[in-house]
Structures are given as structure tokens and as C-alpha cells.
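User: I'd like to learn how to read salt bridges and burial in a protein model. Can you walk me through it?

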Amino acid sequence: MPKKKDAGEVRVEMTASHTYRTSATSHRTLPAGWRGTVPAEIGREIEKAKKGAVIKPQPKDAPRPRPQEPRKPKPQATLSPEERLDQFRAAVATLDEGAYTDEGRPSVDAVNGALPADAAPVTADERDALWAEVSGPAIDEGRLAQFRAALSELGEADLTEEGSPAVDAVNGALPEGADPVTAEERDALWAHLEALVESDG
């Protein structure tokens, strides 16, 4: 029983000229250096005659993995100025002495490390602004001495119901030419003195 012709095709690369029959009355010649597709049976014939080689099909490229999109950071909740100040104050409350700079301010890195994970980090400028609100105005030692001297001249009648010295009484006891205290300055100086007393006690 005659063999059936292989209906498949292969790609070949010719190293020498080769002629094969395409029908009962026609032929085809493949020149040296030619590359192309021929019937699989002719490919085997070319290899057997050592006039070329069948080019094995290359495996299809594996599909490239789709590049992952970078994760978008979670949107940070918008805080009111008061909420942001409370957040900063809570972070500062957890810091130890080593977290403060030589100027007495909490370092930016220390504050950011103590903030909640989803909180926006503070910058140096924001740290300074928030710290000024938390710590209050800077106390001038000369002004504090003036205030302390004025207090020494006051009596119980010069105190308010809250126990702090009355603004008018303090101003009346200040040296002539001294700038008068405001209620805010009186509160800051008085709070500073009370803090000193507590720390000494």
C-alpha cells in the first residue's frame, strides 16, 4: 500500500541548490541560501540529501505579565486646624527627651514616627507652627523677672476668682516705663511660674 504524502509544511534553509518535483510535468529548484516553506516530505528529502535543514519552529513567546500599577496611597482624611493640632499634641505626648532638638522642639522625624499611620506627615514649617501653639509663646527671662517682682507686691485682693493675678494689679506694680501686660501675656507668664513651682516640688 503506497504511503500517503505528508500534507504538513515545514520551513527550510538551503545550503545547496535542490530541485524537486511539484507535479508530473513540473519541477521547483530551491537555490542555496533560500529560506521558506516546503512540504514536510520535501523537507526530509532536503535534509537526507544534506542540502539544507528544517528550521524547527520557535516556541511562541510567553505572554508578558501585565505591569502592576503602583498602589495609590490611601486618601488622607482632611482635618480641621483644631483636629490637626490635637493629632500633633497627642504625638508629642508620646515622645521622650531624646526626641527634641537643641532648640527644645520635637524633631520632625520623631513627630512623624508617632503620628497615626494614615496621617499626613508634618513638615518643618508645620511642626514649628503647631509647636508654637502647643508650647505657647516663648518666655522672655527679663519679662518674667519683671512679672515675678510685680507679683511680690500684690496681695490676695489683687487675685481673680481663678486665683491668677489681675491684669490691672500687675500693671500697677510694674516698674515705670515697662510695657503693660495683656491678659494673654499674664496667663502665659502665670502658667510658666506655676509649672516651675510644680517641677521644683
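User: Let's start with a single side chain: is Arg-105 buried, exposed or partly exposed?

Analyst: Keep in mind that this is a predicted model. Here, burial is judged by relative accessible area, with under 20% called buried and over 50% called exposed. Arg-105 comes out at 26%, so it counts as partly exposed.

User: Which residue forms a salt bridge with Arg-105 at 3.1 Å?

Analyst: The general idea comes first: side chains of opposite charge can pair when their charged atoms come close. In this case the partner is Asp-128, and 3.1 Å separates the closest N and O atoms. Asp-128 sits in helix H4 while Arg-105 is in the loop between H2 and helix H3 (108–114), so the salt bridge ties together parts 23 residues apart in sequence. As for burial, Asp-128 is partly exposed, with a relative accessible area of 27%.

User: Which residues are linked with Arg-105 in a network of salt bridges?

Analyst: The network links Arg-105 with Glu-103, Arg-127 and Asp-128. Take Glu-103: its salt bridge with Arg-105 has the closest N and O atoms 3.9 Å apart. Glu-103 is exposed, at 57% relative accessible area.

User: How many salt bridges does a search of the whole structure find?

Analyst: The search turns up 7. Another one to look at joins the side chains of Arg-84 and Glu-126, at 2.8 Å from N to O. That pair links distant parts of the chain, with Arg-84 in helix H2 (residues 81–93) and Glu-126 in helix H4 (residues 124–135), 42 residues apart. Check burial on both ends: Arg-84 is buried at 12% relative accessible area, whereas Glu-126 is partly exposed at 24%.

User: Okay, now a whole helix. Which residues of helix H5 are buried?

Analyst: In H5 (residues 141–151), the buried ones are Arg-143, Leu-144, Phe-147, Ala-150 and Leu-151. To read a pattern like that, see how far the buried positions spread around the helix axis. These cover an arc of only 125°, which puts them on the same side of H5.

User: And one last residue: with which side chain does His-18 make a polar contact?

Analyst: That would be the side chain of Glu-45, at 2.8 Å. His-18 is in strand S2 (residues 18–21), and with a relative accessibility of 6% it counts as buried. To see what surrounds a buried residue, list its contacts. Leaving out residues up to four places away in sequence, His-18 touches Arg-28, Thr-29, Leu-30, Glu-45, Ile-46 and Lys-51.

How values were computed
Residues numbered from 1 in each chain as written. Predicted model: local features only at pLDDT ≥ 70, side-chain atom pairs only at ≥ 80, totals over all residues. Heavy atoms only, no water. Salt bridge = Lys/Arg side-chain N within 4 Å of Asp/Glu carboxyl O. Helix = DSSP H or I, 4+ residues; strand = E, 2+ residues; numbered from the N terminus. Buried < 20%, exposed > 50% of the residue type's maximum accessible area, 1.4 Å probe, protein only. Arc of directions from axis to C-beta. Polar contact = N/O pair within 3.5 Å; in protein donor to acceptor, adjacent residues only side chain to side chain. Contact = heavy atoms within 4.5 Å.
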